Amino acid sequence: MLGDDLERFWAAPAGGEGARSHLDRWRAHMARGRALPPDHRIAYREIQKYLFKVGPIDLPDGPSLPKIVDFFKEGVADGRGVPDLPGDDLIKD
C-alpha cells in the first residue's frame with residue numbers, strides 16, 4: 001500500500017499526482033491507526049516510532065505499517081489486550 005509506488009512518489013514533482021496519491025494513502029493509514037482503542041493505539045505508535053528510527057522495513061509481501069495496524073485490529077476484534085497479542089511463544093528459553 002504505502003511503499004508500492006515509492007519511486008514514483010520521489011520522482012513526482014512537489015504537489016504532483018504521485019505525491020498526492022501517496023499523501024492520501026498515508027492519511028488513510030494514519031486514520032486507521034487513530035481508530036484503534038487507546039492501549040492498542042499507544043502500542044502501535046511506539047512501534048511506528050521505532051520503525052521510523054531504524055529505517056524503512058517492508059515485509060516480503062508489502063509494507064509493514066499497514067500490516068501492524070491489521071494485526072492490532074484483529075486483536076481488538078478477538079477481544080485481546082495488547083499484552084495478549086504476541087502469544088505465549090514470543091520469548092523462548
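The following conversation concerns the salt bridges in a predicted model.

Reader: How many salt bridges does a search of the whole structure find?

Author: The search finds three salt bridges in this predicted model.

Reader: Which side chain does Asp70 meet in a salt bridge?

Author: Asp70 meets the side chain of Arg32, with an N to O distance of 2.1 Å. This pair links distant parts of the chain, since Asp70 lies in helix α4 (residues 64-77) and Arg32 in helix α2 (residues 17-34). The two residues are 38 residues apart.

Reader: Are those two buried or exposed?

Author: Neither word fits. Asp70 is partly exposed, at a relative accessible area of 32%. Arg32 is also partly exposed, with a value of 23%.

Reader: And where do Lys49 and Glu46 lie?

Author: Both residues lie in helix α3 (residues 38-54). They are three residues apart, which is about one turn of the helix. Their side chains meet in a salt bridge of 3.0 Å, N to O.

Reader: What is the relative accessibility of Lys49?

Author: Lys49 has a relative accessibility of 44% and therefore counts as partly exposed. Its partner Glu46 is partly exposed as well, with a relative accessible area of 43%.

Reader: Changing topic, which residue forms a salt bridge with Asp78?

Author: Arg80 does, and the closest N and O atoms are 3.9 Å apart. That pair meets the definition because the cut-off is within 4 Å.

Reader: Why does Asp78 count as exposed?

Author: Asp78 counts as exposed because its relative accessibility is 55%, and exposed means over 50%. Arg80, by contrast, is partly exposed, with a relative accessible area of 31%.

Definitions and conventions. Residues are numbered from 1 along each chain as its sequence is written. This is a predicted model: local features need pLDDT of at least 70, side-chain atom pairs count only at pLDDT 80 or more; totals for chains, interfaces and linings use all residues. Side-chain values use heavy atoms; hydrogens and water are left out. Helices (H or I, at least four residues) and strands (E, at least two) are DSSP runs, numbered from the N terminus. Buried means under 20% relative accessible area, exposed over 50%, partly exposed in between (1.4 Å probe, protein chains only).
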